[in-house]
Amino acid sequence: MSLLIKNGLLLTEENSWIETDILIKEGIIAKVGKNLEQNGEEVIDAGGKWIAPGFIDLHVHLREPGGERKETIATGTMAAAKGGFTTIAAMPNTRPVPDCPEQLKWLNERISETAAVRVLPYAAITTRQLGAELTDFTALKEAGAFAFTDDGVGVQSAGMMLQAMKKAAALNMAVVAHCEDNTLISKGSLHEGRKAKELGLNGIPSVCESVHIARDILLAEAAGCHYHVCHISTKESVRAVRDAKRHGIRVTAEVTPHHLLLCEDDIPGLDANYKMNPPLRSAEDRAALIEGLLDGTIDFIATDHAPHTSEEKAEGLELSPFGIVGFETAFPLLYTNLVEKGILSLKQLIDFMTVKPAHVFGLPYGIIEEGRTADLVLIDLEHKEEINPDTFLSKGKNTPFGGWNCTGWPALTIAAGKIAWKKGMVTA
Ligand SMILES: NC(=O)N[C@@H](CC(=O)O)C(=O)O
Ligand SMILES: [Zn+2]
Ligand SMILES: [Zn+2]
């Protein structure tokens, strides 16, 4: 299939734009330039919309296998495509866990049969993510693991983490960490701070995260491994990563849209759509995350798309599972609340969602250039719409952002040269 995109606006390095056409042939960007001639290709008139590299989200939960009531690879990747994402990396906290080559092979087959966009599967660090026994990293790498993580739980033992990092270093793979010390969780459902006190609930202290990050940075230095911090949320964590980078330690970090845009003060009461792990922290923490993103301490943005059923979320703040969905709101939220407010330039936002994650993990995506895979998103920066969870393609409707008015929405997503989602498209 060949496609010709006409009259798109392409962002330049200087945060300016040029008008361009893009010719796509057999999944590859064949030509970028003005007034390209049509030779029987399907034409897409971008009509002044912006063309960005397809977004890359390296922290998502697709729930399959085992959690199909919350999401499947098919529904999750359709939601991703609608959000403008063309490459996503799926976390291994499924049932079963991809902790052996057979399971990973099954997953890769399922992905190739049902996914609407590219899915890179993580493999677990420990068997069944129980923290007791290291998985076979060599075999898992051969079977197609993208990187190693036990996301959903922290690796409690420093000894286990060091072993994992040494193995990963030898294979030139990354260890990706959910940082949480189980002795410090305190059975909390939100941040240990003002709001927890006001609601009379147990809080999760900041040290619960930062102590793991500090530990792991020293372990990564000893092992010489690429260590990546998931969903960073506290000012102390940002400080630790900043300090580690200054010392030349190979640490990188991601932050979620919700931690950039919300803090504990925004939690209206006992609404479980504000419950996620790590929790929404203090206003100072939120400011430190933005500062960390701006000064390069935090490398990129990842949604931590974590769908749960409405029944589960109806159990309330204390009993419901942690997590919120992210694919279908990430760009409009960040564009409206960071770019339009002058905190980030459009170029910076696009980089945090494309070039940077690709660069950190050595992926050949996130760049619009002749010869590259045609992963693209057309964005309508003028379009205004209210976030309505009922319209989500994800099975998960669990978001605290329902009713937010946003400007700047994806209109069409092309993944590996094929239209993966188009505004107004009817899906099953
Ligand atoms: N972030 C969350 O609140 N929940 C995630 C787990 C995780 O990312 O740690 C989930 O799987 O639901
Ligand atoms: Zn996590
Ligand atoms: Zn997660």
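Helices and strands in this tour are DSSP runs, numbered from the N terminus, and the model they are read from is a predicted one.

**The loop that holds Asp-304**

Begin by selecting Asp-304, which is placed in the loop between strand S15 (300–301) and helix H10 (310–313). Its backbone deserves a look, since Asp-304 has a positive phi of about 55° although it is not a glycine. Is this residue buried or exposed? Asp-304 counts as buried because 27 other C-beta atoms lie within 10 Å, where the cut-off for that class is 20 or more.

**The shell around ligand 1**

Keep Asp-304 selected and add ligand 1, because Asp-304 is also one of the residues that surround this ligand, as judged by a C-beta atom within 6 Å. The remainder of the shell consists of His-61, Asn-93, Asp-151, Gly-152, His-178, Met-276, Asn-277, Ala-306, Pro-321, Phe-322 and Gly-323. Coloured by class, the shell around ligand 1 shows 4 nonpolar, 6 polar and 2 charged residues.

Asn-277, which belongs to that shell, is a useful place to stop, for the peptide bond that leads from Asn-277 to Pro-278 is cis, with omega near -5°. Pro-278 itself sits in the loop that runs between helix H8 (257–261) and helix H9 (283–294).

**Another cis bond, another positive phi**

Move next to Arg-95 and Pro-96, which are joined by a cis peptide bond with omega about -5°. The loop to display here is the one between strand S7 (85–90) and helix H2 (101–114), where Pro-96 lies. Most residues other than glycine have a negative phi, and most peptide bonds are trans.

From there, select Arg-63 in the loop between strand S6 (55–60) and helix H1 (73–82). Arg-63 is not a glycine, yet its phi is positive, at about 70°. Arg-63 counts as buried, because it has 26 C-beta neighbours inside 10 Å.

**The sheet of 3 strands**

Show S6, S7 and S8 together: they form an open sheet of 3 strands in the order S6-S7-S8, with parallel pairing. The edges are taken by S6 and strand S8 (118–121), each of which pairs on one side only. Direction ignored, neighbouring strands of this sheet are turned by 20° against each other on average. S7 and S8 run parallel and are joined by 4 bridges; to find one of the residue pairs, select Ala-90, whose bridge partner in S8 is Pro-121.

**The sheet of 5 strands**

Now turn to the open sheet of 5 strands, which has the order S9-S10-S13-S14-S15 and parallel pairing. Strand S9 (148–149) and S15 stand at its edges with a single partner strand each, so one side of each is left without a neighbour in the sheet. Next to select is helix H6 (residues 207–223), which packs on the sheet and touches strand S10 (174–177), strand S13 (226–229) and S14, its direction making about 170° with that of S13.

Within this sheet, follow S14 (residues 251–255) from one partner to the other. S13 and S14 run parallel and are joined by 3 bridges, with His-228 having Thr-252 in S14 as its bridge partner. Towards S15 the pairing is again in the parallel sense, over 2 bridges, and Glu-254 stands opposite Phe-300 in S15. Which way do the side chains of S14 point? Val-251, Ala-253 and Val-255 point one way, Thr-252 and Glu-254 the other way, and all are buried. With 5 of the 5 residues of S14 buried, this strand is therefore largely enclosed by the rest of the structure.

**The two domains**

Zoom out and colour the chain by domain: domain 1 spans 2–50 + 372–422, and domain 2 spans 55–360. Their C-alpha centres lie 26 Å apart, and the contact takes 27 residues from domain 1 and 38 residues from domain 2. On the side of domain 1 that touches domain 2, strand S16 (376–386), strand S17 (405–415) and strand S18 (418–422) each supply at least two residues. The largest share of that side, 7 residues, comes from S17. By class, the side of domain 1 that touches domain 2 has 16 nonpolar, 8 polar and 3 charged residues.

**A last stop**

Finish at Asn-337, in helix H12 (residues 330–339). With 19 C-beta neighbours inside 10 Å, Asn-337 counts as partly exposed. A C-alpha to C-alpha line drawn from Asn-337 to Ala-416 spans 30 Å, for two residues that are 79 residues apart in sequence.

Definitions and conventions. Residues numbered from 1 in each chain as written. Chains lettered and ligands numbered in written order. Predicted model: local features only at pLDDT ≥ 70, side-chain atom pairs only at ≥ 80, totals over all residues. Nonpolar A, V, L, I, M, F, W, Y, C, P; charged D, E, K, R; others polar. Buried ≥ 20, exposed ≤ 12 C-beta atoms within 10 Å, placed from the backbone. Pairing = 2+ DSSP bridges. Contact = placed C-beta atoms within 7 Å. Axes fitted to C-alpha atoms, helices over the stretch in contact; angles between N-to-C directions. Domains from an automatic or database assignment.
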